[in-house]
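Reader: Could you walk me through one part of this model at close range? I'd like to hear about the sheet in the second chain and what packs on it.

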Amino acid sequence: MINRKRAQVEIIGLVIIVILIALGMLFMAQFALKEDAKKKIFTRKGLAYSTMSSLMKTTISDQSCSGTYQKWVQPQLGKDLLEDCAKNYDYYSVDDPDSYSLYKCQGLHSCHFANQLIKKLLNETLGEWNKKYVFQVKLIRAQEDKPLTIVGPIKVGGGCPRSKDRDVSGLFPLHTDAGLIESNLYLCD
Amino acid sequence: MLRKKNGQARMNETIAIVFIFFVLILFGIMFFYQYQKIAIKEKNEELLGNRAMDTTLKTLFLPELICTKGEAEPEDNCFDLMKLRHAEKTFTAHLNDYYYELFSFAKITVQEIYPGNKTYILYDKEKPPLEDGSSGWTRKEPTYFVVTLKDENNTEEKSNYGFGYINIEVYS
C-alpha cells in the first residue's frame, strides 16, 4: 500500500516536471519564432525599390554635360547615361576616364561619371542612414556567356552577402543595342 | 519516541518542500513580470513603428504632393516640385483642421539631394511639453524614403527629375 502511494507521488512529480519543461519550451519557441518587425521589412524592401527607381529617373543637370554635336544636354541617368555606358564600354578604362562616349559630363566617360554620381547619391542617403548596400549594373551581351559589370559594385559596410538578411530592388532591365542592362541594389541591416 | 522523531523529520521535509515550492513560484512571478515589462515596451515600439509606416504611406500617396499627369496613373515615389513648393503654405494653413487628423504628432521633411539641396518642412507638430516643462514625447521614430523630385518648370520640353528623400518622424 505504501509502495503504491509512493509511486503515485513520483508520477505526480514527473508530470509537474514535464509541464514545467513544456512551458519553458513554449517560451523558447515564442522567442525563436518571433518575426522581424513588419516596419523593418517594409522599409527595407520599399527603400531599395524607391532608391533604384529614383536613381534611374534622375536627370543630370550638370552644365558640363554634352551629347550629340557637343550640345548641352540633360541626360537621364538610367535611360541615357547607362545605355551610352553599355554601348561604349569597350572604349572605357578606369585609368583613362575621359575616353570616348557619346555623353560627356565633366569631360568624363559616361560609365565613369555614372559610377561617381551614383556613389555620391547613395552615400548621401543610404550611407548617412547607416545602411549597408551593394549597387551594380551588369551588361548581358548576346555573344558573351558571362554578364559584364559596367558600373560598381559600389559597396558600403562589407556589402550584403547571401548569409545576411537582405532585400533587393529588382532588376530594372533596359534593352539597348549593346545588350540587356540589369541594375540592382541590395540592402541589408 | 522514535515515531515522534520520525514525524518531526517528515514535518521538516514538508516545510522545506513547501518553502522551495514558494521560492520557485516567486521566481516564476519575477520572471513573468520582467518578461511582460519587456513585451509591453516591444509592443509600444511596434505600434510606433506601424504608425511611422502608415504616415510614410499616407505622405507618399498624398495628392497634394504626388506626381500626376491628367488622368494617367500617378508616378510611384515621386513628388512634384511645383506642388511641393506650395505645399508648405497649404499644410501650415490647415495644420489643425485637416492634417493633424492624418499625421497626428509628427514631422515631415523633404530633402533635395540632387541637383540642389533645399529642405522643405511640410508638417511639424510636436507633442506639447508637460506641466513641469519637460518634453512631451519620449521616443521619436524616423523613417526615410528616397523619392524623385519632378520639375516641369524648366526650359526643356521634357521634365527634369531630381533626387531626394523624405524623412518622417513620429513622436510617442
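Author: Here is a look at that sheet, followed by the core and the chain contact.

A word on the ground rules: this is a predicted model, so local features need pLDDT of at least 70, side-chain atom pairs count only at pLDDT 80 or more, and totals for chains, interfaces and linings use all residues. Residues are numbered from 1 along each chain as its sequence is written, while chains are lettered from A and ligands numbered from 1 in the order in which they are written.

The sheet in chain B is open, with five strands in the order S1-S4-S5-S2-S3 and mixed pairing. Helices (H or I, at least four residues) and strands (E, at least two) are DSSP runs numbered from the N terminus, and two strands pair if DSSP finds at least two bridges between them. At the edges sit S1 (78–80) and S3 (119–125) of chain B, each pairing on one side only. Ignoring direction, neighbouring strands are turned by 30° against each other on average; axes here are lines fitted to C-alpha atoms, for helices over the stretch in contact, and angles run from 0 to 180 degrees between N-to-C directions.

Now zoom in on S1(B). It runs parallel to S4 (residues 140–151) of chain B, and three bridges join the two. One detail there: Asp80(B) has Lys150(B) as its bridge partner in S4(B). Helix H2 (residues 81–93) of chain B packs on the sheet, touching S1, S2 (106–114), S3 and S4 of chain B, at about 30° to S3(B). Helix H3 (residues 95–103) of chain B also packs on the sheet, but touches S2 and S3 of chain B and makes about 90° with S3(B).

Phe79(B) deserves a look too. Leaving out residues up to four places away in sequence, Phe79(B) touches Leu65(B), Ile66(B), Cys67(B), Leu84(B), Val110(B), Val147(B) and Leu149(B), where contact means C-beta atoms, placed from the backbone, within 7 Å. In the largest nonpolar core, which has 69 residues, Phe79(B) is among those touching the most other members, along with Cys85(A), Ala114(A) and Tyr133(A). Such a core is a set of buried Ala, Val, Leu, Ile, Met, Phe, Trp, Tyr and Cys residues joined through C-beta atoms within 7 Å, buried meaning 20 or more other C-beta atoms within 10 Å of a residue's own. H4(A) gives the most to this core, with eight residues.

As for the chain contact, 20 residues come from chain A and 22 residues from chain B. H2(A) gives the most to chain A's side, with 11 residues.

Definitions and conventions: Two residues are in contact if their C-beta atoms, placed from the backbone, lie within 7 Å. A residue is buried if 20 or more other C-beta atoms lie within 10 Å of its own, exposed if 12 or fewer, and partly exposed in between; C-beta atoms are placed from the backbone.
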